[in-house]
Amino acid sequence: MPTITLTVNHPAGLHARPAAEFVKTAAAFPCNITVRNITDDKPAVNAKSILSVLTLGVHQGYEIEVNAEGDQAQEALQAISDLIKNNFGET
Amino acid sequence: MQRYQGMPASSGVAIGPVWVYHPIELHIEQRRVTDSQGEWQRLERAIQQTKIQLQTLKARALESAGEKEAAIFEAHALFLEDVELLDMLRKSIHEEEINAESAVETCFEHYASMLLALDNAYFQARAQDVRDVKQQLLRMLSDQEKEMGIAPPYPAVIIAEDLTPSDTIQFRRDFILGLGTMRGGPTSHTAILARALGVPAVVSAPIHIDAIAPEAIAVVDGDKGEIIINPSEEVLAQARIARQRQQALHTIAICTAHEPAITTDGCQVEVVANVGGPEDVQQAIAMGAEGIGLFRTEFLYLDRTDMPDEEEQTLVYRQVFELMTGKPVVVRTLDIGGDKPAPYLDVKPEPNPFLGWRAIRMIDRRPDVLQRQFRALLAAAGQTNTDLRIMIPLVSSLDEFIRARELFETTRTALADEGIPLPKQVQFGMMVETPAAALLAHHFAKEADFFSIGTNDLTQYTLAVDRTNERVAHLASPYHPAVLHLIAMTIEAAHAHDCWVGLCGELAGEVLAVPLLLGFGLDEFSMAPVSIPTIKVEIRRWNRKQCQEIARAALSLPTTQAVKSFLQEIEP
């Protein structure tokens, strides 16, 4: 099962626009994707659900684990990794 | 007369009849439903209608407030598309056979309570958003009330226990004189909306809403954070004067924005704008900017996979220079680092990006980046006859600056050899934003044509406070005496070597700081365009001699609070 670990560097964490962008990116893929807050050790939630992602309470500097299963799992993880590493495309 | 002390949320004084907002109370009864399919369809319809309503609210916010405010409603619409929430609603209706209203109540509250349980005000505030959407959906489901809450029938001071963004935006703008609420913080959506609409607002005031008589008059003082119900004649008169004074000041500021800023004893200082790209330049000119004191160039480099070439950069710089028609333009060279990764520069996320490989420090491995930027700037300035001033960010040691200057000189010579028209004169200066640069200003001043003090970073580096960490961000005050001493010594050292000094941090746009900065001898104030008219008015009120005494006195004070209190009390 493909899994990646990422650090969220955006000042807002996974909140506001970054949370929305994160969910939008995940929802573009057919596979099941979950995300877990490693820093606070919270159970994994559906990465395509904005409310679930918000309840993870991910702040700046937190580590998250993203897990994908099914069609295009690798592509999905790549897209999410790019989004976070490019700091949600923010200027 | 009742006086309630709350928190200031949006500046200004409002006086008017009170209109108390009572949100419609919806009583949710749980019923068993036999036709689950029909019930689900009823809910789906209500969800669709709520989405349309949110679109309308978004359009209204866009028109009356702004993009940031409109985004609130876009985020609300996202909740209604949430796969987990929809799944939970579907299960409640189909498996538990309950009615749509109680399914909505249970499922939305599930998420609201989870958000409230988080240890951060930011996330907790989202619970309010979830409940706002829930209320709209419940209203949509109830037959008797398709409309949103009721709105004031006349221009009024609106008093409420709490206001959701959807409540605030549906009121007619010209009917909202002021807002006062019992709940909410200065960073709540309602406070943000009030500021965008330019409506005075106070939040978190312990008002006895039930005790307010229908014909009451209210004063909302968004600067002091006060709400006064049924003010005495005396208080009312004072409030009227305060309101008139504010309106007059605003009008004067706008009318005199294009006049120079000269102190009462005849010293003129330059008032210029901070811009982040060509689109800000028009506004800067309209607000009376006499030039550009900080042109940030990062926008050219972000969100792309390759470095912008010389031609592309020249085009953009030309656009800005042409609009400024020969007026001074201070361009800050690329200030990028681990907080804003750029793959083609090999900039990676770092544990401490503000202490990392960024800005001028890239000159060691990537001199080509700076060289290309110099070439484009010189070419664009040569084509437009611009008073170009190039500024190097994050300088902390003299050899860095000398190296940058040498690179600049060789680039200029190379361009001249290629026969490219160059501007007659270019000033070459640096940002003073590290304590190291301020402490050694007397050395730097011999090499630089000018300094621009970046107080946001200077404060962060001097006080060892990460501005993006909200637990300590409140400690990052440029009024801290340590920061003020660095500013004062930078200006003094610069003037001893005929080097002029500007300031482009947020401090330059603060009315409170004007006498202090005039007293230090600052030559150029650079700020967000919207602050220019007010700061010009403030500069014209002061006498530079008197300001020098004020500055001396401020430097002798021990704490941030002591400095601020002192500045609040003094008058010209």
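Select chain A and show its surface: about 3,800 Å² is exposed, and carbon and sulfur atoms supply 47% of that area. This is a predicted model, and every value on this tour is computed from it. Switch chain A to cartoon and follow it from the N terminus. The pattern along the sequence is β-α-β-β-α-β-α, built from three helices and four strands. Of the 91 residues in chain A, 51% are buried. Contacts with a separation of 6 or more are 71% between residues 24 or more positions apart.

Now select chain B. Its 572 residues are 52% buried, and they form 20 helices and 17 strands. The exposed area of chain B is about 25,400 Å², with 52% of it from carbon and sulfur atoms. For chain B, residues 24 or more positions apart make up 67% of the contacts with a separation of 6 or more.

**Stop 1: helix 4 of chain B**

Select residues 100-116 of chain B, which are helix 4. What lies over the buried residues of this helix? The cover includes helix 2 (50-55) of chain A, along with helix 1 (36-64), helix 3 (83-95) and helix 5 (121-141) of chain B. Keep chain A visible here, since one of its helices is part of that cover. To see the buried side chains, show B:Ala100, B:Glu101, B:Ser102, B:Ala103, B:Val104, B:Cys107, B:Phe108, B:Glu109, B:Tyr111, B:Ala112 and B:Leu115. A distance check between the end C-alpha atoms gives 24 Å, which agrees with the 24 Å expected for 17 residues at 1.5 Å a residue.

**Stop 2: the second largest pocket**

Centre the view on B:Ser11, B:Gly12, B:Asp223, B:Gln246 and B:Leu249, which lie nearest the centre of the second largest pocket among its 49 lining residues. The volume of this pocket is about 2,000 Å³. Which element gives the largest share of the lining? Helix 8 of chain B does, with 12 residues. Colour helix 8 (233-255), then add the other elements of chain B that each supply at least two lining residues: strand 2 (7-10), strand 3 (13-21), strand 5 (176-181), strand 7 (217-221), strand 8 (226-229), helix 18 (532-541) and helix 20 (560-569). Coloured by class, the lining shows 26 nonpolar, 12 polar and 11 charged residues.

From here, step to B:Asn230, in the loop between strand 8 and helix 8. Most residues other than glycine have a negative phi. B:Asn230 has a positive phi, near 50 degrees. Its relative accessible area is 34%, so B:Asn230 counts as partly exposed.

**Stop 3: around helix 10 of chain B**

Select B:Leu300, in the loop between strand 11 (292-296) and helix 10 of chain B. Is B:Leu300 buried or exposed? It is buried, because its relative accessibility is 4%. Leaving aside residues up to four places away in sequence, B:Leu300 touches B:Pro308, B:Gln313, B:Val316 and B:Tyr317. Draw a distance from the C-alpha atom of B:Leu300 to that of B:Leu334: the two are 34 residues apart along the chain and 9.1 Å apart in space.

Next, select B:Thr325, in the loop between helix 10 and strand 12 of chain B. B:Thr325 also has a positive phi, near 40 degrees. With a relative accessible area of 58%, B:Thr325 is exposed.

**Stop 4: the largest cavity**

Three cavities of 30 Å³ or more are found in the whole structure. The largest has a volume of about 90 Å³. To display its lining, select B:Thr333, B:Leu334, B:Ala359, B:Ile360, B:Met362, B:Ile363, B:Arg366, B:Val369 and B:Leu370. By class, this lining has seven nonpolar residues, one polar and one charged.

**Stop 5: helix 11 of chain B**

B:Val369 and B:Leu370 from that lining are also among the buried residues of helix 11. Select residues 367-384 to see the whole helix. Its 18 residues should span 26 Å at 1.5 Å a residue, and the end C-alpha atoms are 26 Å apart, which agrees. Other buried residues of helix 11 include B:Gln373, B:Phe374, B:Arg375 and B:Thr384. The buried residues pack against helix 10 (310-324), strand 12 (328-332), strand 13 (387-392), helix 12 (398-417) and strand 14 (427-432) of chain B. End the tour at B:Asn385, just after helix 11, where phi is positive at about 55 degrees.

Notes: Residues are numbered from 1 along each chain as its sequence is written. Chains are lettered from A and ligands numbered from 1 in the order in which they are written. This is a predicted model: local features need pLDDT of at least 70, side-chain atom pairs count only at pLDDT 80 or more; totals for chains, interfaces and linings use all residues. Side-chain values use heavy atoms; hydrogens and water are left out. The expected span of a helix is 1.5 Å times one less than its number of residues. Buried means under 20% relative accessible area, exposed over 50%, partly exposed in between (1.4 Å probe, protein chains only). Contact means heavy atoms within 4.5 Å. Accessible areas come from the Shrake-Rupley method with a 1.4 Å probe; for residues, only the protein chains shown count as cover. On a 1 Å grid over the protein atoms alone, a cavity is a set of points where a 1.4 Å probe fits but cannot get out, and a pocket is an open set with protein on both sides within 12 Å along at least five of seven lines; lining residues have an atom within 4 Å of a point. Grid points are joined across faces, edges and corners, and a volume is the space filled by probe spheres set on the points. Ala, Val, Leu, Ile, Met, Phe, Trp, Tyr, Cys and Pro count as nonpolar, Asp, Glu, Lys and Arg as charged, and the others, Gly among them, as polar.
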